[in-house]
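Here are some notes to read with the model open beside you. I have grouped them by region, and I hope they are handy for your own look through the coordinates.

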Amino acid sequence: SALMRVASSHRCVLLLVSAAWFTACGSAPAPPSGAGTGSGTAKAFVGSAACASCHQDIYTRWQGTLMANVLQNPADDPTVILGDFSTPNPLVTFRPEDVDFTYGSKWKQRYFTRIGDDYFVFPAQWDVQNGIWRRYSPGPGGDWWVEHYPSDQMQRPTGPLCDGCHSVNYDIRTKTVTEWNVGCEKCHGAGSLHLEFPVAATIVNPDKLDHVRADDICIQCHSQGQPRVVPHSTDGRYYDWPVGYEPGDLLSSHWKLEEHRLGEETFAHWPEGSAHKNRMQGNDFVQSQMYLKDVRCSACHGVHGTSHSADLRAPGNAVCTQCHNPQLQPGPRGTLEQHTQHLADSPGSECVACHMPSIAATVGNVNVRSHTFKFISPVASERYGVPNPCISCHTDQSNSWAIEAMREWPNVSPWRVAD
């Protein structure tokens with residue numbers, strides 16, 4: 001019929017238009033058979049700039065993150081040096097012009113200089129929060145690697161001790177990198193195959209990994225531990241980062257976390273198991289209920305960059321209440337004030353005040369937040385000496401005061417504050 005001829009004609013037109021659309025948009029060529037993200041596929045690192053043409057918004061946001069600016073070259077921008085070099089200080093035995101890289105800008109800043117084919121860290125660091133110089137020279141009783149290197153800072157190369165986490169594709173044989181800082185391929189793996197065949201199968205997408213492998217990508221650098229095999233068989237050096245690990249691998253095959261013994265306070269741990277120092281977010285997180293329930297680092301942090309502190313996905317309590325509110329299973333029940341027993345707009349009603357206390361030392365008297373998300377009770381402080389958030393805020397009070405005060409809270413089990 002005429003109607004069928006018209007319908008058939010319309011279908012032909014739609015097919016031709018669709019074909020033309022895919023051709024015009026340059027649909028991605030199919031990758032070769034077997035190509036994927038497995039270790040058997042030959043891939044090369046290409047650098048973050050190669051990702052920008054297709055992922056411009058993400059690339060632009062990432063450029064403003066701390067991840068993209070861990071190391072900065074003062075030759076490109078002298079203002080990246082934050083330390084006060086104008087006032088003589090016996091700790092400062094070097095000049096700004098001796099600095100090849102600055103390391104850090106939020107909590108502390110250290111200074112790298114190149115000697116031969118290695119970089120070394122000068123023995124003074126700038127405490128950004130307090131605006132003062134502090135000594136930098138890890139000693140015995142601290143980092144595990146100290147006993148394997150000379151005590152002189154200028155004989156402790158950053159290659160084995162730092163650079164694997166502050167770069168993409170650090171080659172331990174050539175001591176070269178694809179790029180400095182935490183670039184795209186630090187989390188997504190080598191990108192050459194994806195450039196040639198831009199389909200999902202040719203790149204690691206952490207969101208598509210199981211939660212263990214996804215979180216491992218963050219934990220590879222945000223943890224205190226050591227490689228499974230030390231020293232490294234290639235050069236006999238002691239590396240403080242997981243040599244050979246690539247996104248998508250099981251980190252535990254390359255790396256073991258710092259061991260903790262209940263009741264023992266160490267450089268790395270408080271006696272009850274919480275992190276005692278910075279760069280241990282992973283050590284904390286894997287013992288948390290969040291990790292047990294498959295909540296990922298990326299549930300709270302937008303690693304490509306956000307407008308919020310710590311690249312959180314939402315500001316303040318909002319990042320927590322996206323999951324924790326009276327309408328959802330995790331709770332808590334009731335109002336914010338009922339849960340915290342503090343005024344809603346007070347520091348005591350900030351989720352992080354009680355569940356992420358600042359107890360992990362980073363430099364001097366500056367601490368960063370715990371990532372176990374558990375409430376450290378005053379009783380735990382009495383038993384193990386770990387700081388609790390109650391008297392860390394109410395500094396004029398004692399653990400006994402806090403224990404008695406919590407006994408009066410209507411929504412707290414007495415077993416939580418039992419002697």
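1. A cut-off to start with: a residue counts as buried when its relative accessible area is under 20%. C390, at 14% relative accessibility, therefore falls in the buried class. Please keep in mind throughout that this is a predicted model.

2. Staying with cysteines, how many disulfides does the count come to? The count comes to one disulfide, and the bond joins C165 to C221, with the two sulfurs 2.2 Å apart. The link of C165 and C221 is left-handed, at -100° about the S-S bond. Distant parts of the chain are tied together here, as C165 and C221 are 56 residues apart. C165 sits in the loop between α3 (158-163) and β7 (167-168), while C221 sits in the loop between α6 (211-219) and β9 (225-227). Both C165 and C221 are buried.

3. Two further cysteine pairs deserve a look. Why is there no bond between C51 and C184? The sulfur of C184 is the closest cysteine sulfur to that of C51, but the distance is 3.9 Å, which is too far for a bond. C390 is in no disulfide either, and its nearest cysteine sulfur belongs to C354, 6.3 Å away.

4. Next comes helix α6, the helix just named beside C221. At the start of α6, D210 brings a side-chain oxygen to within 3.0 Å of the backbone nitrogen of V212. The buried residues of α6 are H211, A214, D215, D216, I217 and I219. Which elements cover them? The cover includes the helices α4 (184-188), α7 (281-285), α8 (289-292) and α9 (297-300), together with the strand β10 (255-257).

5. Helix α15 (residues 399-407) has N399, A402, I403 and M406 as buried residues. Viewed down the axis of α15, these residues fall within an arc of 100°, so they line one face of the helix. Among the elements that cover the buried residues of α15 are α13 (378-384) and α14 (389-393).

6. Now for the aromatic rings, where the count comes to 19 pairs. One of them is the pair of F285 and Y291: the ring centres are 5.6 Å apart and the planes meet at 75°, so this pair is edge-to-face. The cut-off behind that label is an angle of over 60 degrees between the planes. F285 and Y291 are both buried. Elsewhere, ring pairs link F85, F94, Y111, F122, W126 and W133 into a cluster.

7. I would also pause at N325, in the loop between α10 (318-321) and α11 (336-340). Is N325 buried or exposed? N325 has a relative accessible area of 16%, so it is buried. Its side chain makes a polar contact with the backbone oxygen of T321 at 3.0 Å, and the N325 side chain also reaches the backbone nitrogen of Q327 at 2.8 Å. Leaving aside residues up to four places away in sequence, N325 touches G331, P332 and R333.

8. Two of those neighbours of N325, G331 and P332, are joined by a cis peptide bond with omega of about 5°. P332 is found in the loop between α10 and α11. Another cis peptide bond runs from V230 to P231, with omega near -10°, and P231 is placed in the loop between β9 and β10.

9. Lastly, a backbone check on two asparagines. N169 is not a glycine, yet it has a positive phi of about 65°. N169 lies in the loop between β7 and β8 (179-180), and at 33% relative accessibility it counts as partly exposed. N181, also not a glycine, has a positive phi of about 85°. The place of N181 is in the loop between β8 and α4. Which class does N181 fall into, buried or exposed? Its relative accessibility is 8%, so N181 counts as buried.

Conventions. Residues are numbered from 1 along each chain as its sequence is written. This is a predicted model: local features need pLDDT of at least 70, side-chain atom pairs count only at pLDDT 80 or more; totals for chains, interfaces and linings use all residues. Side-chain values use heavy atoms; hydrogens and water are left out. Helices (H or I, at least four residues) and strands (E, at least two) are DSSP runs, numbered from the N terminus. Buried means under 20% relative accessible area, exposed over 50%, partly exposed in between (1.4 Å probe, protein chains only). A polar contact is a pair of N or O atoms within 3.5 Å; within protein, one must be able to donate a hydrogen and the other to accept it, and residues adjacent in sequence count only if both atoms are side-chain atoms. Contact means heavy atoms within 4.5 Å. The arc is that of the directions from the helix axis to the C-beta atoms. Rings of Phe, Tyr and Trp (its six-membered ring) pair if their centres lie within 6.5 Å; planes under 30 degrees apart count as stacked, over 60 as edge-to-face and the rest as tilted. A disulfide is a pair of cysteine sulfur atoms within 2.5 Å.
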